[in-house]
Amino acid sequence: MSETKEKTFEENITRLEEIVSHLERGDVLLAESLALFEEGTRLVETCTGMLDKAEQKVVRLKRGPEEDLIEVPFDGEA
C-alpha cells in the first residue's frame with residue numbers, strides 16, 4: 001500500500017505503540033516479528049528526525065540593548 005500523504009508525528013507514534021504492543025504479546029511468527037521490528041525502527045528514525053527539525057525551529061526571545069526583542073537559539077536551559 002503506497003501512501004502519498006506524509007504521516008504526522010502523532011500518527012507515527014501511535015503506530016509505533018501498536019507495534020510495541022503487538023510484539024510484547026508474543027503471538028506473531030518470527031518473520032512477522034522481524035517485519036514489525038524493521039517498521040518500528042524506521043518509525044523511530046522518522047520521529048527522531050521530526051523532533052530534530054522541530055527543535056531547530058524553537059527560538060527564545062531575549063531583550064536586546066535597546067529593549068527590543070531578538071531571537072536567540074533555544075539551548076534548553078532556563
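Arg25 pairs with Asp27 in a salt bridge, with 3.6 Å between the closest N and O atoms. That is a good place to start a tour of this structure, which is a predicted model. Arg25 is partly exposed, at 49% relative accessibility, whereas Asp27 counts as exposed, with a relative accessible area of 52%. The cut-off explains the two labels: exposed means over 50% relative accessible area, so Arg25 at 49% is partly exposed and Asp27 at 52% is exposed.

**Salt bridges**

How many salt bridges does a search of the whole structure find? It finds three, and they are set out here with the distance between the closest N and O atoms.

| Salt bridge | Closest N and O atoms |
|---|---|
| Arg15 and Glu18 | 3.3 Å |
| Arg15 and Glu39 | 2.9 Å |
| Arg25 and Asp27 | 3.6 Å |

Side chains of opposite charge can pair when their charged atoms come close. Through shared partners, salt bridges join Arg15, Glu18 and Glu39 into one network.

Let us look at the members of that network in turn. Arg15 and Glu18 both sit in helix α1, where they are three residues apart, about one turn of the helix. Arg15 is partly exposed, with 27% relative accessibility, and Glu18 is partly exposed as well, at 42%.

The other partner of Arg15 is Glu39, and here the closest N and O atoms are 2.9 Å apart. Because Arg15 belongs to helix α1 and Glu39 to helix α2, this pair ties together parts that lie 24 residues apart in sequence. Glu39 is also partly exposed, at 24% relative accessibility.

**The largest pocket**

Arg15 and Glu39 turn up again in the lining of the largest pocket. About 190 Å³ of space lies in this pocket. Besides those two residues, the lining has Glu6, Lys7, Asn12, Arg42, Leu43, Thr46 and Met50.

Which helix gives the most to this lining? The answer is α2, with five residues. Both α1 (9–25) and α2 (30–57) supply at least two residues each.

What is the make-up of the lining by class? Five of its residues are charged, two are polar and two are nonpolar. Leu43 and Met50 are the nonpolar pair, while Asn12 and Thr46 are the polar ones. The charged group includes Arg15 and Glu39, the two residues whose salt bridge runs between helix α1 and helix α2.

Notes. Residues are numbered from 1 along each chain as its sequence is written. This is a predicted model: local features need pLDDT of at least 70, side-chain atom pairs count only at pLDDT 80 or more; totals for chains, interfaces and linings use all residues. Side-chain values use heavy atoms; hydrogens and water are left out. On a 1 Å grid over the protein atoms alone, a cavity is a set of points where a 1.4 Å probe fits but cannot get out, and a pocket is an open set with protein on both sides within 12 Å along at least five of seven lines; lining residues have an atom within 4 Å of a point. Grid points are joined across faces, edges and corners, and a volume is the space filled by probe spheres set on the points. Helices (H or I, at least four residues) and strands (E, at least two) are DSSP runs, numbered from the N terminus. A salt bridge is a side-chain nitrogen of Lys or Arg within 4 Å of a carboxyl oxygen of Asp or Glu. Buried means under 20% relative accessible area, exposed over 50%, partly exposed in between (1.4 Å probe, protein chains only).
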